[in-house]
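The exercises below ask for a reading of one structure, and each is followed by a worked solution. Try each task before reading on.

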Amino acid sequence: MTELDRVLQTLATLRAPQAAQEAELQLAVAMCLEDFGIPYRREAMLGRGCRIDFLTDSGIGIEIKKGRPSSRSLRGQLERYAASGQVAALVVLTQKSALLPAKIGGKACVQISLNQLWGVAL
């Protein structure tokens, strides 16, 4: 199992409240990573003005977005993250899906929709 697979399996267990604010989602992710023994840094600086919500010690960057983010805006943000040598792969946790490619900047990009984890089809 790759480290990306391990992080994805860990986040698939997440059961955050539907009406959660982004800060609550970040806390839930932090608790989830800790419960599964995945070391991370919060608000990790990847470069000047470039900070990702979580970065695991193995280089898996995790970005959290509440609601349905603009695919274009989110992709630009993820491209900046992918350009960092600290990032090996990206995981984007959203409440509602956004249209994203499987690779950004040559690095795997996986989206997890909280609606799917909640079992909600919207």
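**Exercise 1. The nonpolar cores**

Which residues have the most contacts inside the largest nonpolar core, and how many residues does this core have?

Solution. The model is a predicted one.

Step 1. The largest nonpolar core has 22 residues, and those with the most contacts inside it are Leu11, Val29, Leu33, Phe54 and Val91.

Step 2. Assign the core to elements. Helix H1 (3–11), helix H2 (22–35), strand E3 (60–65) and strand E4 each supply at least two of its residues. H2 gives the most, namely six residues.

Step 3. Look for a further core. A second one, separate from the largest, has 16 residues, including Leu46, Leu74, Tyr81 and Ala98.

**Exercise 2. The sheet**

Give the order of the strands in the sheet, and find the strands at its edges.

Solution.

Step 1. Six strands form an open sheet with mixed pairing, and their order is E1-E2-E3-E4-E6-E5.

Step 2. E1 and strand E5 (103–104) are the edge strands; each has a single partner strand, so one side of each has no neighbour in the sheet.

Step 3. Add the helix that packs on the sheet. H2 touches E1, E2, E3 and E4, and its direction makes about 115° with that of E1.

**Exercise 3. The hairpin of E1 and E2**

Describe how E1 and E2 are joined, and name the residue with a positive phi.

Solution.

Step 1. E1 covers residues 40–47 and E2 covers residues 50–56; the two strands run antiparallel and are joined by six bridges.

Step 2. Identify bridge partners. Tyr40 has Thr56 in E2 as its partner, and Ala44 has Ile52 in E2.

Step 3. Inspect the turn. Two residues lie between the strands of this hairpin, and Gly49 takes a positive phi near 65°.

**Exercise 4. The aromatic pair**

How many aromatic pairs does a search of the whole structure find? Classify the geometry of what is found.

Solution.

Step 1. The search returns one aromatic pair.

Step 2. A pair of rings is described by the distance between the centres and the angle between the planes. For Tyr40 and Phe54 these values are 5.4 Å and 65°.

Step 3. Planes over 60 degrees apart count as edge-to-face, so the pair of Tyr40 and Phe54, at 65°, is edge-to-face.

Step 4. Locate the rings. Tyr40 is in strand E1 and Phe54 in strand E2, 14 residues apart, and the pair thus links distant parts of the chain. Both residues are buried.

**Exercise 5. Salt bridges and burial**

How many salt bridges does a search of the whole structure find? Examine the pairs Glu3 and Arg6, Glu43 and Arg51, and Glu63 and Lys65, and state for each residue whether it is buried or partly exposed.

Solution.

Step 1. The search finds four salt bridges. Three of them are treated here.

Step 2. Glu3 and Arg6 meet at 3.2 Å, N to O. Both lie in helix H1, three residues apart, which is about one turn of the helix. Glu3 is partly exposed at 28% relative accessibility, and Arg6 is partly exposed at 28%.

Step 3. Glu43 and Arg51 meet at 3.0 Å, N to O. Glu43 is partly exposed, at 35% relative accessibility, and Arg51 is partly exposed, at 47%.

Step 4. Glu63 and Lys65 meet at 3.4 Å, N to O. Buried means under 20% relative accessible area. Glu63, at 3%, is therefore buried, and Lys65, at 19%, counts as buried as well.

**Exercise 6. Two residues in their surroundings**

Where is Ser84 placed, and where is Arg75? Find what each touches beyond four places in sequence.

Solution.

Step 1. Ser84 sits in the loop between helix H3 (71–82) and strand E4 (89–94). Its relative accessible area is 6%, so Ser84 is buried.

Step 2. Leaving out residues up to four places away in sequence, Ser84 touches Leu46 and Lys107.

Step 3. Arg75 is in helix H3 and is partly exposed, at 37% relative accessibility.

Step 4. With the same exclusion, Arg75 touches Leu100, Pro101 and Ile104.

Step 5. Leu90 is 15 residues from Arg75 along the chain, and their C-alpha atoms are separated by 11 Å.

Notes:
Residues numbered from 1 in each chain as written. Predicted model: local features only at pLDDT ≥ 70, side-chain atom pairs only at ≥ 80, totals over all residues. Heavy atoms only, no water. Helix = DSSP H or I, 4+ residues; strand = E, 2+ residues; numbered from the N terminus. Buried < 20%, exposed > 50% of the residue type's maximum accessible area, 1.4 Å probe, protein only. Contact = heavy atoms within 4.5 Å. Core = buried A, V, L, I, M, F, W, Y, C linked by side-chain atoms within 4.5 Å. Pairing = 2+ DSSP bridges. Phe/Tyr/Trp six-rings, centres within 6.5 Å; stacked < 30°, edge-to-face > 60°. Salt bridge = Lys/Arg side-chain N within 4 Å of Asp/Glu carboxyl O. Axes fitted to C-alpha atoms, helices over the stretch in contact; angles between N-to-C directions.
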